[in-house]
Amino acid sequence: LAPLRAAEATPEEDGGGGGGLDTALRFGVLLSVPLVWGTYAPAVRYIYEQPIPIPGLVFSAIYYVIALASLTTISFAAATAGGGGGGGGGGSGVDGST
């Protein structure tokens, strides 16, 4: 039920005043998923075809650092464009308050 509620939220309930930019940012993130997933397998194949392959632990560490940097950048852009991101109104009651 919560995703349906979030999809129906108006800009006032959502906490953002720039509805068009917020929507564009959401669609941009959504459209980036196939790009990221589509480049993962070729990148792994390229890494392991090198003369000296990278150990799996190092590859995973690099992968997670890149993912962290990407998510941090997107989060910063969303907070800058949306005026602070996920604060206020219209909560789902998950925190237990009444």
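Let us start with the aromatic residues: Tyr40, Tyr63 and Tyr64 are joined into a cluster by ring pairs. Here, rings of Phe, Tyr and Trp (its six-membered ring) pair if their centres lie within 6.5 Å, and the planes are stacked when under 30 degrees apart, edge-to-face when over 60 and tilted for the rest. Please keep in mind that this is a predicted model, in which local features need pLDDT of at least 70 and side-chain atom pairs count only at pLDDT 80 or more, while totals for chains, interfaces and linings use all residues. Residues are numbered from 1 along each chain as its sequence is written, and side-chain values use heavy atoms, with hydrogens and water left out.

Now for the overall fold. The protein contains four helices and zero strands, giving the pattern α-α-α-α along the sequence. Helices are DSSP runs of H or I with at least four residues, strands are runs of E with at least two, and both are numbered from the N terminus. Of the 98 residues in the protein, 4% are buried. Buried stands for under 20% relative accessible area, exposed for over 50% and partly exposed for anything in between (1.4 Å probe, protein chains only). The accessible surface comes to about 7900 Å², and 70% of that belongs to carbon and sulfur atoms; such areas come from the Shrake-Rupley method with a 1.4 Å probe, and for residues only the protein chains shown count as cover.

How far can the model be trusted? The guide is pLDDT, the predictor's confidence in each residue, from 0 to 100. Its mean over the protein is 72, and 61% of the residues reach 70 or more. Among the elements, helix α1 (residues 2-7) has the lowest mean, 51, and α4 the highest, 85. Over residues 87-93 pLDDT stays under 50, and the model has two contacts beyond four places in sequence for this stretch. Contact means heavy atoms within 4.5 Å. Where pLDDT is low, the predicted coordinates should not be read in detail.

Back to the rings, where the count comes to three aromatic pairs. Tyr48 and Phe59 have ring centres 5.9 Å apart and planes at 50°, so this pair is tilted. The two rings link distant parts of the chain, 11 residues apart, with Tyr48 in helix α3 and Phe59 in helix α4 (residues 56-82). Another pair, Tyr63 and Tyr64, is edge-to-face, at 5.5 Å centre to centre and 70° between the planes. Tyr63 is partly exposed at 39% relative accessibility, whereas Tyr64 is exposed at 56%.

Phe59 deserves a visit of its own. Its relative accessible area is 14%, so Phe59 is buried, while its ring partner Tyr48 is partly exposed at 39%. Leaving aside residues up to four places away in sequence, Phe59 touches Tyr40, Val44, Ile47, Tyr48 and Ile54. The C-alpha atoms of Phe59 and Val44 are 8.8 Å apart in space, with their positions 15 residues apart in sequence. Ile47, which lies in helix α3, has its C-alpha atom 8.6 Å from that of Phe59, 12 residues apart along the chain. Under the same sequence limit of four places, Ile47 touches Pro53, Ile54 and Phe59.

Finally, follow helix α3 (residues 19-48), where Phe27 has its place. Phe27, Leu30 and Leu31 make a nonpolar surface patch of about 360 Å². Patches are made of residues with over 30% relative accessible area and no salt bridge, joining like charges within 9 Å and nonpolar side chains (Val, Leu, Ile, Met, Phe, Trp, Tyr) within 5 Å; a salt bridge is a side-chain nitrogen of Lys or Arg within 4 Å of a carboxyl oxygen of Asp or Glu. Val29 is also found in helix α3, and is partly exposed with a relative accessible area of 31%. Val29 and Ile74 are 45 residues apart in sequence, and their C-alpha atoms are 8.0 Å apart in space.
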